[in-house]
Amino acid sequence: MSFTYVTASVPVLTSVSPNSGPAAGGTTVTLTGSGLASTTAVRFGATPATSFTVVSDTHVTAVAPPGTGTVQITATTPGGTSNGLSYTYSGAPTLSSISPNQGSTSGGNTVTLTGTNLTGATSVTFGGTPATSVTVLSATQITAVVPAATAGPVDVTVTTPGGISTLPKSYFYVSPPVLAGVTPPSGPLSGGNTVTLTGTNLVEATAVRFGATPATSFTVVSDTQITAVVPAGSAGLSSVTVTTVGGTSNPVSYTYLAAPTITTLVPNQGSTSGGSTATLTGSNFAQTTTVLVGGAPTGFTVVSDTHLVADIPAGAAGPVNVTVTSPGGTSAPAVYTRVASPNI
């Protein structure tokens, strides 16, 4: 009887994918190489694979057993045992915080996740929606770009080769603010007056701006109301906006008004008995709220931005000041003189 001796080559491993997994094992890896058709064992360090399947002479799949640290994967055939490839058992990730923990429903902002065993993170989700991008900074820190979502709290979950960790209801999507109006809608160039902004989603306000200029100060009264001290500005319309973590609101209009000026007063004198009118010529009369004659309010009619007719009330003989007041301020006085009727 004769025997034929067959020389079997030693298997060679060139790659393993994935090359890491959880300490609990259970990950299916694919080994690539040569001479694998007659594989009789696959080991992770000294521990046999939970199971393995020979796919071809160049591929074997194996289920990782439990383990710790970094081990060498080897394949054994009748020809011998292969070279080793590194496989790392990763600890399960844990999340401890997210900062900032709120943002706009439109997403796009970057948050930082802090925890442990975050190396190799493969995904971060917000309420089940994947982050736009994920960057692993270290084993304890990840940055993620938040996806868009509807308003409200969501779970944040990170997945690594070592497992999954979730921070329940840890990130809050905030709706952008909406402004409905500003009262009063105008004021002096010097600012300093207080206005009330009304709208919705205002409670998280971080800034109020008149054009590009921040309000001198502001107070959030409620989710629907803010009071703000107006900064100085130039004559004309200005767009008022509110910014929150949810974004920047639509603009509402506020008008900076120059103070009225009086250039002529015709006539500039009359009887002490009153009952007459005087025509004021000047500028910035359109928004007039008060006309004072000798310090007392009187009736008036705004004809145009440059003309105003004021009632002259009765009073003692002598000169009195006439002033015009609007949201833009009070004019310099013009002088009206009451003249006593002659005695006969």
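## Strands and one unusual residue

A strand here is a DSSP run of E, at least two residues long, and strands are numbered from the N terminus. By that definition, Lys169 sits in strand S19. The model is predicted.

Lys169 has a phi near 45 degrees. That value is positive, and the residue is not glycine. Most residues other than glycine have a negative phi. Is Lys169 buried or exposed? Lys169 counts as exposed because its relative accessibility is 58%, and the cut-off for exposed is over 50%.

## The five-stranded sheet

Strand S19 belongs to an open sheet of five strands. The order across the sheet is S12-S19-S18-S14-S15, with mixed pairing. Which strands stand at the edges? They are S12 (102-104) and S15 (129-130). Each has a single partner strand, so one side of each is left without a neighbour in the sheet.

Strands of a sheet pair through backbone hydrogen bonds, either parallel or antiparallel. S19 spans residues 163-174 and pairs with S12 in the parallel sense. Three bridges make up this pairing. In one of them, Gln102 has Phe172 of S19 as its bridge partner.

S19 also pairs with strand S18, residues 152-160. These two strands run antiparallel and are joined by eight bridges. Pro153 stands opposite Phe172 of S19. Phe172 is thus placed against Gln102 in one pairing and against Pro153 in the other. A hairpin of two residues leads from S18 to S19.

## Strand S13 and its two partners

Strand S13 covers residues 110-116, and its side chains alternate. Which residues point to the buried face? Val111, Leu113 and Gly115 do. Thr110, Thr112, Thr114 and Thr116 point to the other face and are not buried.

S13 pairs with strand S11 (residues 94-99) in the antiparallel sense, over five bridges. Here Ser97 stands opposite Thr114. S13 also pairs with strand S17 (residues 141-145), again antiparallel and over five bridges. Within that pairing, Thr112 has Thr143 of S17 as its bridge partner. Both Thr112 and Thr114 belong to the face of S13 that is not buried.

## Cis prolines and the start of S21

Most peptide bonds are trans. Two cis bonds are described here, and each leads into a proline. The bond from Ser17 to Pro18 is cis, with omega near -5 degrees. Pro18 lies in the loop between strand S1 (12-17) and strand S2 (20-22). The bond from Thr183 to Pro184 is also cis, with omega near -10 degrees. Where does Pro184 lie? Its place is the loop between strand S20 (178-183) and S21.

Strand S21 covers residues 186-188 and includes Ser186. Ser186 counts as buried because its relative accessibility is 9%, and buried means under 20%. Beyond residues up to four places away in sequence, Ser186 touches Asn193, Tyr254, Thr255, Leu257 and Pro327.

## A positive phi in a loop

Asn201 has a positive phi, near 60 degrees, and is not glycine. Asn201 lies in the loop between strand S22 (194-200) and strand S23 (205-210). How exposed is Asn201? With a relative accessible area of 27%, Asn201 is partly exposed. Lys169, by contrast, lies in a strand and counts as exposed.

Conventions: Residues numbered from 1 in each chain as written. Predicted model: local features only at pLDDT ≥ 70, side-chain atom pairs only at ≥ 80, totals over all residues. Heavy atoms only, no water. Pairing = 2+ DSSP bridges. Helix = DSSP H or I, 4+ residues; strand = E, 2+ residues; numbered from the N terminus. Buried < 20%, exposed > 50% of the residue type's maximum accessible area, 1.4 Å probe, protein only. Contact = heavy atoms within 4.5 Å.
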